[in-house]
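Here are a few friendly notes to read alongside the model. I have kept to the pockets and one patch on the surface.

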Amino acid sequence: MKKVRITAMRVARYDDLIEKYENKIEHACDVQQGQIFIADGWKKPEGLCDSAWETLSPFVLTLSCGGEDIYEGWMKNRKSAMISCNDGFRPVSFYLEAIDSDSYVFYGHEEADVPALDGSYPGIHTPRDLYDLLCEVWCAGTCPPRMRSDWTPENRTLGQCSITAFLTQDIFGGKVYGILRPAGNYHCYNEVDGKVFDLTSEQFGGEELIYENNPEQFRQVHFAKEEKRLRYELLKKNLRELCLRRYT
C-alpha cells in the first residue's frame, strides 16, 4: 500500500454559527493550515481527529491501494482528492495525495533513494521516508529564534537546514555541504554515495540554488552554538519518538 500525504489546505471558522448554535466546548479543532499528516495504510495518522478521519479514510484507503481518478476527471492530479471534514462550524479542507517519487518537490528527490545505515529509526528506509516524517516533526521550536515568528506549517522547512542535514547524515551517512548565503551563513544539504539532495530546499521557493563546488560543513562548528545544538537534539528526539510510536 502507498502512503498518503494529508495536508490541511484551508481552516475555516464560522463564529456566527458557533455563537448561535453550539454549546461551548474546548479544543474543538487544533488543526493548523499547512499541517501535514502521513497515512500509512488503514491506521489513523497521529494528531488527526476521529471525526475528520471518518470522512477522509475511504478516500485515503482508495488512494493507498492504488485507486485514482476519483469521480472521473475531478482532480488535475489523478492520484489525489480534496475533502472537507464534517465539522459544520470549523470545516477543514484536506488535500489527499498518494505519495509517489514524483509527488516530492525538495531538491534531488528523484535520487533520494539511498538506504539507511541501520534500523535505529524504524520506518525510515530512504531520505524520502525521512522527509515524510519530518513534515510532522519540524516546528517553530526547531526553527532558529530569529526566524521563529515567520515559521508556519506551510513554510515548515524555514530555518531547519543544518539540524536536518546533520540528522540526515546520522541516518544515511555521507557528507554535509553548505551554500553560502548573502547574510554570510550557509544553507546545508546532503550528499550520499554521489547523490545530492536537500530536504529543506522548499523554504527558498523558486530561487535556484547551486549545489556544486560548495564547502563541506562540520557539526562541531555548527553545534558550537548551543541553541543550534539544542534544536538538533529536539528534532532528533521528536523524530525518534514518532518512529517508535508508529513503527514498533
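1. A good place to begin is the largest pocket of this predicted model, which has 21 lining residues. Those nearest its centre are Arg146, Cys161, Asn185, Tyr186 and Lys228. Its volume comes to about 460 Å³.

2. Where does that lining come from? At least two residues each are supplied by helix H4 (161–172), strand E6 (186–192), helix H5 (219–222) and helix H6 (226–247). H6 has the largest share, with 3 residues. Sorted by class, the lining of the largest pocket holds 8 nonpolar, 7 polar and 6 charged residues.

3. Next, the second largest pocket, with a volume of about 380 Å³. It is lined by 19 residues, and Gln35, Ile36, Cys135, Glu136 and Val137 are the closest to its centre. By class, you will find 9 nonpolar, 5 polar and 5 charged residues in this lining.

4. H6 deserves a second look when you turn the model. Along with strand E2 (36–40) and helix H3 (127–137), H6 supplies at least two residues of the lining of the second largest pocket. In fact, H6 gives the most there, with 4 residues.

5. Lastly, the surface. Met9, Tyr71, Trp74 and Met82 make up a nonpolar patch, and together they have about 400 Å² of accessible area. One of them, Met82, sits in strand E3 (residues 80–84). Is Met82 buried or exposed? Neither: its relative accessible area is 33%, so Met82 counts as partly exposed, a class that lies between under 20% for buried and over 50% for exposed.

Note on methods. Residues numbered from 1 in each chain as written. Predicted model: local features only at pLDDT ≥ 70, side-chain atom pairs only at ≥ 80, totals over all residues. Heavy atoms only, no water. Patch = residues over 30% accessible without salt bridge, like charges linked within 9 Å, V, L, I, M, F, W, Y side chains within 5 Å. Areas by Shrake-Rupley, 256 points an atom, 1.4 Å probe, with all protein chains shown as cover. Salt bridge = Lys/Arg side-chain N within 4 Å of Asp/Glu carboxyl O. Buried < 20%, exposed > 50% of the residue type's maximum accessible area, 1.4 Å probe, protein only. 1 Å grid on protein atoms, 1.4 Å probe; cavity = no way out; pocket = protein on both sides within 12 Å on 5 of 7 lines; lining within 4 Å. Points joined across faces, edges and corners; volume = space filled by probe spheres on them. Nonpolar A, V, L, I, M, F, W, Y, C, P; charged D, E, K, R; others polar.
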